[in-house]
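Here is a short tour of one helix, one chain and the contact between two chains. Please keep the structure open beside the text as you read.

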Amino acid sequence: MDKDTIEILARHAGLARALADFPEDVAVSAKQAADVAHKIKRPTDPTAEPWPPMKTGTTL
Amino acid sequence: MSDLHWMTVDAAARAIAARELSPVDLTKALLDRIEQLDPKLNAFIRIDDEAAMAAALAAETEARSGRLRGPLHGVPVGIKDIIDVAGLPTTCHSKVRLDHMATADAVCVEKLRGAGAIVLGKLSTHEFAIGGPSFDLPWPPARNPWNTDHHPGGSSSGSGSGVAAGLFPMALGTDTGGSVRNPASCCGIVGLKPTYGLVSRRGVFPLSFTLDHVGPMTRTVADNALMLQAIAGHDPLDPGSAAAAQGHYAAALDRGIRGLRVGFVRHFHEIDTPAHPEVTAALEHVARSLQVEGAEIRNITLPSLGEFGAVNRVILQSEAWSIHGPWLSERPGDYGKLGRQRLMAGAFMSAGDYMLASRRRLQMIAEVEAALREVDVLLCASSMDPACRIEDTAEVERTYPRQARTPFNVTGHPALAMMAGLSVGGLPVSVQFVGRYFDEATVFQVARAWERVAGTDKKHPPIV
């Protein structure tokens, strides 16, 4: 993730103050996020459901 | 009675019930030890000594008149400071929540008090139960009683440090990516992450709704089962609470393990994240010992640690961002550096990332479930290294992710970490046992077999 993209996403997320005061921390956070999803195998079955599922009538 | 500080929960409760031990004497002995040792350990954020002594006096009066509240009557407990205790602040070890006052006990605390436990105070944690040991928070980080130059693991760091040091015989911790089991591993005690939904999270400050667990931390396996018995149970007001019936967790403790099938997940520590040689040797020793005790050891393969870790992190950081986003927008300077870095990461994750992780999560659950149809319990690493020096930030950063705990936050299976031995440097190394959903009793059965063989319950840190 390049610096400009990080800035756009950070401002969009409401992190303008963090960007001004802690730019290195914002960059570290963005790097953590960018690296991680690539390590997950994408389910090949298009009908694969997420967990936890929506369930009615079992809680509350 | 000497060495009150090393008494187990079970022994103390029995002695109190038999009127051989006064809850006042026990609480006073522990408060004296806390006064002596906590300045070196920083396990406490707040010691509630007056309330503890008042509760101990009440417990003594009740015990004298033959009225016992429950199986923990008169036994002191420490509470991680993300868990509400009525009348005390729940700071989450953060400047962000310094002024937050809890008006009611969390359900798990209410249940402990209902069983007769005495709350000693609030314990140190990583900020909001994430990050690592930090020196830029309102209180210093807890330290490891086996060597105070080393970290005690986290995020339930005060819980691990205090139980191991004999400041209290039991504590509550929470576990979202391993935070009960990490300090249990580093401090050589017993820490259980129960099945997801078995213990209510109501009154516990959330980190990640679908990964958060509350768990017992003790010095012995039997005490862990006793504590779980007190805090488990359905809570209709916790949306994640399971409707499953409460088990009898100590039922199989001393039954032995002859004929049990134990699945050894070797690739976690041999291939995915190669462990320190002393950890590898300790795990092999545990497996051989269980075999000698009559268990059948089989090799089991699960998804890689790297992928489990990625799924855990995407879900954890996305859910945590939904909680912390407003505060991080308005007052990022009130967070410590590590907490700020970890919690802001969720701002950069997409809905697509979250759904990918959630869909893969269901497949991972199915894979662990399939393994647990082949065997009764899994055996694997917990931490890949002994605890490093607390002020070596680079080494903390390197070793903290080297663990095999997050898989079972992702899947929700019960997982227990305990001592596997001591390193040459005199620090605990650890092992983890994992069971089927709601089958904590079998996890305890195997853990107790190992404890009996190795005598881990008799090993205490050299600190006074």
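In this predicted model, helix α4 of chain B, residues 107–114, has six of its eight residues buried, so it is largely enclosed by the rest of the structure. The buried positions are V107(B), C108(B), V109(B), K111(B), L112(B) and R113(B), so you will find lysine and arginine among them as well as valine, cysteine and leucine.

What do the buried residues of α4(B) pack against? Their partners in chain B are four strands, β2, β3, β4 and β6, together with helix α7. The table gives their residue ranges.

| Element of chain B | Residues |
|---|---|
| β2 | 76–80 |
| β3 | 118–123 |
| β4 | 170–175 |
| β6 | 213–218 |
| α7 | 221–231 |

After α4(B) comes G116(B), with a positive phi near 105°.

Now to the partner chain. Chain A has three helices and zero strands, in the order α-α-α from the N terminus on. Its radius of gyration is 17 Å, well over the 10 Å that the globule rule gives for 60 residues, so chain A is more spread out than a compact globule. Along the principal axes, the C-alpha atoms of chain A fill a box of roughly 45 × 35 × 15 Å, and 23% of the 60 residues of chain A count as buried.

Finally, the two chains meet through 36 residues from chain B and 32 residues from chain A. On the chain B side, the elements giving two or more residues are α10 (305–330), α11 (337–344) and α12 (351–374). Of these, α12(B) gives the most, with eleven residues. By class, this side of chain B has 18 nonpolar, ten polar and eight charged residues.

Notes
Residues are numbered from 1 along each chain as its sequence is written. Chains are lettered from A and ligands numbered from 1 in the order in which they are written. This is a predicted model: local features need pLDDT of at least 70, side-chain atom pairs count only at pLDDT 80 or more; totals for chains, interfaces and linings use all residues. A residue is buried if 20 or more other C-beta atoms lie within 10 Å of its own, exposed if 12 or fewer, and partly exposed in between; C-beta atoms are placed from the backbone. Two residues are in contact if their C-beta atoms, placed from the backbone, lie within 7 Å. Ala, Val, Leu, Ile, Met, Phe, Trp, Tyr, Cys and Pro count as nonpolar, Asp, Glu, Lys and Arg as charged, and the others, Gly among them, as polar. The radius of gyration is taken over C-alpha atoms; the globule rule is 2.2 Å times the number of residues to the power 0.38.
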